[in-house]
Structure formats: structure tokens, C-alpha cells
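Q: I am new to this structure and would like a close look at a single part of it. Please take one residue and its surroundings, and then set that part in the wider model.

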Amino acid sequence: MNDTHSHNSFDTLLGLLDSDRERAGAKYEELRLRLIKLFEWRGCTYADELTDVCFDRVFKKIGDGEQIQNIHAYAVTIAQFVVKEHLRDPSRFADDIDGASAREIAAESNFNDDSDERMSCLERCLAEFRRDDRDLIVSYYDTDEKTMIAARKRLADKLAVSLNTLRIKVCRLKSKLEKCTKDCCSPANASAA
Amino acid sequence: MTIDETKIDSMARRFLLGEMSANERTSFEAKFVANREMFEQIAVVEDELIEDYVRGGLSSDEHANFEKHYLVSERNRERVAFARAMLNKFAELDKPLAAADDRLPLFASITAFFSANRLAFGSAFAVLLLVAGILFVNLRKESVEIGRDVEPQPTIPPQTSAPSPSPTQQIDKIDNNNKPTPSPSNSAPEKQQRSASPVLALFAGSLRDGGNMAELRLPETAAGASLQLNLENGDHKTYRLQIVDPDGRTLFSANGLRARGKRVDIFVPSSRFKNGEFIAKLSGLSDQKQLESIADYPFRVIKK
């Protein structure tokens, strides 16, 4: 598919997500993130690249004139096919992963290599948090298995929020901390992102 | 759309552990890709599964399924590694809110204290009132007698450093302590604020102009310091840093560092520093996977 077709297909995809282009862009990013997670949760390596494969197929279908009513349902169906193909034969997608991506993946694996670096990055990122957020995430996780549920309920009561609201808030904070730590450990990835 | 959290939690757990049938999974995936709340709820469950795994809280079946289905991808293994590091780190830190959990707010504590000892305090209060009354009458008598012997003086209002809070202000203060946002003022001994982390630029060749060794002045409250190791060139793919003391003992090391231009930046936690002289030894990984010594950067640490 040439660039013009691809561009037109992308525009059509955005139009399917929302009539407002800015909102459509945000929805596209959300959809992309969810598909990446779907691939990760299904145990696929190279989740980002498989998501690209998935969107390429969606663009192609759009370019071929396919009428799509529900883009989320359509994209997830294609993603499920891609998962099946990938799990059946992971090497099949090797050609879709370019050299740069392979290097990034190799760089990511450095994350596991050095505990010192990760700990220092983690501490640095935590220090960048707002104090109340830092206190919250530390308090939430600083418990043991036996008292965990009761401690978190008490914490939610103290903050006058439901336990689920607290869980979601902490999940977001952890995600932010994890990303910051990862970027700190692999600055090349962070600047490329 | 409002979601049933408990139901989603249970389904998400089964999904992530690979315990769903193919049909159920297909339907579940279609739902969470279309629904933001549901997607976020699964992310919460994912974090909790990882935490349970790290803490050893999964049943043997769940443990086996987690390793079989979740840990197959590199990125998921990284998430587990991160969670493990994070939990270890948090266990070392102070407990800002957890410690406060068991403390009642000030007003509630006072109320609870008095209600629990109502009879004893009632009697003590009555005696106190009686004693105070007698003292007041005696003092008043004395001041009237003294007043008769001295010249009248202009009255000067008492100077106080700060106005006493009104009862309303006191209640406001207690309310503020109970606000949902965790406040550092909850705990009586205020935890010290973190200082900004200092940055120390180091150059190969070691000594600065005038022959002075580079000095890192590290505030006690800083989380750590950033070292900027300047290079002649940034040719190596990755770098390794070791900070050693004069006896050659390694205090800190980090692998896989990357240069930004002609500089390698690294943050080192305060806990790794003590007062004294050190050498930051930088090596580079060659294309042949050989470590080559790049430069030594001596510096002195002064903890303040």
C-alpha cells in the first residue's frame, strides 16, 4: 500500500473513531494502547510491532473499501487473528520487526541486568513525585500479605475514597513510576519515544 | 458504562492466568478493548497479580498458571522485576501513612480519651475547678491590696507572638488533617522534605583547575546525586560504572549505561555515599563485547 492510500486509510480510521479530529487522535492512541496490552496479556513478544501489524491490516481493509461499522470490534478481531498466527509461529513476524526495534528490545532487556541502576532510577523517579502521591504509593504497598487487605481498606477510609478508587489511583501511580524508571534506565529509549 | 468491579476482577484474573475458554476470552477481549473503565480495571488486577506473585500469595495453581501464561513475555517479566524492586525499595522507606493509619485524628483522640475515663476525669475536673476557684479568690484579694500601694500605670495590651486559634479554627485544622489528600502535617514530627539532588560534573583527568579534587556536597535530605561523566567521545554502545573507595571496594555499580552525546549521566542514591574520597571508574563495552577502561574520575563526598 502506498503512502497516499495509507494516509487516506488513516484519515478514514480517525473518522470512524470520532468526527472531531483531535478527539479521534486521542481515541486512536487509546485503542493502540489497549491492543498493545492485549498482545502482552496474551503472552506475545513484540507487542508494539504486532499492534502495527494489526493496524496495517485494518488500513489495508479500509483501503480495499471495506465498510467498517464498529472499529473497536473490527480491530480486536484482527488482533485476535494476529495473536493466533504469532503464537503458532513467532518467527513469522520476524521480518516485521526492523533493526531499530530489535535494538530497543535488546536495550529493554538491560532493565533486568543491573539492580543497582534500577534501584537508583526508582529512587530518583520517586523523588520526582508529588509528596502526597509518593506517600500514598509507599503506604499502599508497604504492607505484608496477611494484613494487606485490611491495611488498604483503612487507607481508603482515611482518604475518604472507595477501595476501588484507591486501587485505580495507585495503579496509575505505579504505571507512571514504572515508565519513569524504565526511561531512566534506558535513556536512549526515552528520548526516542 | 458502569462496570461491576468484583465481576471484572474475577474475570480479569482468570483471563491473565490463561484460565478462560477460547470463546470467553474472545468476548472478554472485545469488551475491554471497547471499554476504558474495564480496561483500567484489568490493569489494576494485573498489578495485584504481579504483587501476589512477588509476595508469594498465589495458590499453587495460580502460581503455575502465572508462570505459564504471564511470564512468557519479556515485557511481563520486566514488570515483575520492577514490582519486586519497588516493593523492596518501599520496605526500606519510612511509612508516611501506614504509621498514621493507627493514629486517630487529634480531636478524636482527645474525645476518645475522655470518654473512656469519664468518671475519673469528671471527679478530677471537679477538684480542679474547686482548687482553681480558691486560688483565683486569693490572688484577686492580693492584687487589690497591692493596687492600693502603687501609682496607676497605663495599660499595655499583652504582646503575643501569634493569636490563639479560635475553636472554629481548631476544628478547621482537624478537618484539614482529615482531608482525602494525605498530608505530611498529619504526623507530629514533620518528616523532612527531600532536598534537590545535587549534580556533579566530572571530567577525565580527574583534578579541577588549581588541583582540587571535585567535591560532591550532598545534603542529608537529598535522595542522591546525579553524576555527569564527561567523555572524550561517546563511541561505545554501553558503559559500565563502578564507584570504588581507596581500598578498591565497590560501593556502587551500574551496567548498560548509554552516553548522551559525550556524557554519561547516572543517579546514585545517597545510601551509597559516605564521606571520603572515591573513584568513579567508567568502562565501555566494545563491539566485540569486551569491556575497555575509559576513564577514572576521582571525587570527594561531603555529606552535609
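A: A good place to begin is a link between the two chains in this predicted model: the side chains of B:Arg79 and A:Glu178 are joined by a polar contact of 2.9 Å. Within its own chain, B:Arg79 also makes a side-chain polar contact with B:Glu46, and the distance there is 2.9 Å. Leaving aside residues up to four places away in sequence, B:Arg79 touches A:Lys37, A:Lys174 and A:Glu178 from chain A, together with B:Glu46, B:Asp47, B:Ile50 and B:Tyr70 from chain B. The residue lies in helix 5 of chain B, which covers residues 74–92. Is B:Arg79 buried or exposed? Its relative accessible area is 11%, and because the cut-off for buried is under 20%, B:Arg79 counts as buried.

Turning to the partner chain, chain A is built from 10 helices and 0 strands, so that reading from the N terminus its elements run α-α-α-α-α-α-α-α-α-α. Of the 193 residues in chain A, 50% are buried. When contacts in chain A between residues at least 6 apart in sequence are considered, 59% of them join residues at least 24 apart. The surface that chain A exposes comes to about 9,500 Å², of which carbon and sulfur atoms supply 49%.

Chain B also contains strands, and strand 4, residues 238–244, is one of them. This strand is largely enclosed by the rest of the structure, because 5 of its 7 residues are buried. Strand 4 of chain B pairs with strand 7 of chain B, residues 276–285, in the antiparallel sense and over 7 bridges. In this pairing, B:Thr238 stands opposite B:Leu285 of strand 7.

It remains to say how confident the predictor is. The model as a whole scores ipTM 0.85 and pTM 0.57. For chain B the mean pLDDT is 71, with 61% of the residues reaching 70 or more. Among the elements of chain B, the highest mean pLDDT, 95, belongs to helix 2 (residues 22–34), whereas the lowest, 33, belongs to helix 9 (residues 167–177). Over residues 142–192 of chain B the pLDDT is below 50, and this stretch has 29 contacts in the model beyond near neighbours in sequence. Residues 97–117 of chain B likewise stay under 50 in pLDDT, and for them the model has 22 contacts beyond four places in sequence.

Technical notes
Residues numbered from 1 in each chain as written. Chains lettered and ligands numbered in written order. Predicted model: local features only at pLDDT ≥ 70, side-chain atom pairs only at ≥ 80, totals over all residues. Heavy atoms only, no water. Buried < 20%, exposed > 50% of the residue type's maximum accessible area, 1.4 Å probe, protein only. Helix = DSSP H or I, 4+ residues; strand = E, 2+ residues; numbered from the N terminus. Pairing = 2+ DSSP bridges. pLDDT = per-residue confidence, 0-100. Contact = heavy atoms within 4.5 Å. Areas by Shrake-Rupley, 256 points an atom, 1.4 Å probe, with all protein chains shown as cover. Polar contact = N/O pair within 3.5 Å; in protein donor to acceptor, adjacent residues only side chain to side chain.
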